[in-house]
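Q: Hey, got a minute to walk me through this one? I'd like to start with the basic words.

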Amino acid sequence: RIWNFQTMTKAIRIHDYGGPEVCSYDDIEVGTPGEGQVRLKHTAIGVNYLDIYHRSGMHKLDETPAVIGMEGAGVITEVGPGVDDLKVGDRVCYHAIRGSYSEERIAPAARLIPIPDGIDDKIAASMMMKGMTAEYLIMRCYPVKAGETVLVHAAAGGVGTIICQWLKQLGVTVIGTVSTDAKVDIAKANGCAHVIVSSKETVSERVREITDGAGVPVVYDGIGKDTFDDSLDCLSPRGFMVSFGNSSGIVEPVKLGTLAGHGSIYVTRPTVATYCASREDLLMSANALFDAVKAGHINVAAPQEYALADAAKSHADLESRKTTGSLVLIP
């Protein structure tokens, strides 16, 4: 056990809900790890749309002020009692533990994932939530089969680029949507056989053209409100509408009769927290991602970097859809 007497650290907190300007660069107390905990010094911090939901109040937090952020990578500096499988100096990463926008933090050892050799900290911090989301979506939520044609919204985004590469490697034909012409080449480079520019074309009409009227067996939709209704029109009978995000706003309530009218379709609203709730599932999902990256099946581009103090700018850029790929904060 190593004692660290530096108890204060810098963090991004919100004191109230609102726009990027509510991100406050504060001094906070870290303390020492308790039972089953470790102290972690961050080397890189992932930025996700979920952080924006927390900051804006779309997803209310238990209390404020609160350190936001759900994903990070770093080095263990102190180990609390009852932690046997991690030690000081270990490189680890995590997702779905709020409080990552900080130089240092206390974290539960049971939710930390050892980073294997060959995986950079910045890559790990930028890809775990997105990559493990991709894993559960295409391997477990709707297990895609080789030869199928599927639709992936926001194909040039952080989750989209990973999903599309992984699907192509599995022998799947990917139709991707992007918001602007500038993102078409990115989507194609990441595995999309067909790219639809949603600001210029009706997605369901193009999907029907591409599939000779059949539609697709699954739509992976992280956009939400703006795309949900049209996504239903893209599905073949008994298809799966997988709505896993709300970057454009929360989906309006759906009448069950609507699902019947579209051909007995299924709708699910899954989360990575549920699919990786047990440590067994957490490590299985993470290791599947690491293996795919190390095998070259998924190329995770170097993330765009912002200083921790500039978290507000990272949020503004992400919300305005100026970014492609992933973003990280560097303490």
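A: Sure. Helices (H or I, at least four residues) and strands (E, at least two) are DSSP runs, numbered from the N terminus. This is a predicted model, where local features need pLDDT of at least 70, side-chain atom pairs count only at pLDDT 80 or more, and totals for chains, interfaces and linings use all residues. Residues are numbered from 1 along each chain as its sequence is written, and side-chain values use heavy atoms, with hydrogens and water left out.

Q: Cool. So where is Thr64 found?

A: Thr64 sits in the loop between helix 1 and strand 4.

Q: And what does Thr64 touch?

A: Leaving out residues up to four places away in sequence, Thr64 touches Ile14, His15 and Tyr17. Contact here means heavy atoms within 4.5 Å. Also, a polar atom of the Thr64 side chain lies 3.4 Å from the backbone oxygen of His15. For a polar contact, you need a pair of N or O atoms within 3.5 Å; within protein, one must be able to donate a hydrogen and the other to accept it, and residues adjacent in sequence count only if both atoms are side-chain atoms.

Q: Is Ser231 buried or exposed?

A: Ser231 counts as buried, because its relative accessibility is 1%. Thr64, at 33%, counts as partly exposed. Buried means under 20% relative accessible area, exposed over 50%, and partly exposed in between (1.4 Å probe, protein chains only).

Q: Which residues does Ser231 touch?

A: Ser231 is part of helix 6 (residues 228-232). Not counting residues up to four places away in sequence, Ser231 touches His153, Val219, Asp221 and Met241. A polar atom of its side chain is 2.8 Å from the backbone oxygen of Thr227.

Q: New topic: in what order do the three strands of the open sheet come?

A: The order is 2-1-4, with antiparallel pairing. Strand 2 (23-29) and strand 4 (66-67) are at the edges with a single partner strand each, so one side of each has no neighbour in the sheet. Two strands pair if DSSP finds at least two bridges between them.

Q: How many bridges join strand 1 to strand 2?

A: Seven bridges join strand 1 (residues 8-14) to strand 2. One pair is Met8 with its bridge partner Glu29 in strand 2.

Q: Nice. And in general, what do strands of a sheet pair through?

A: They pair through backbone hydrogen bonds, either parallel or antiparallel.
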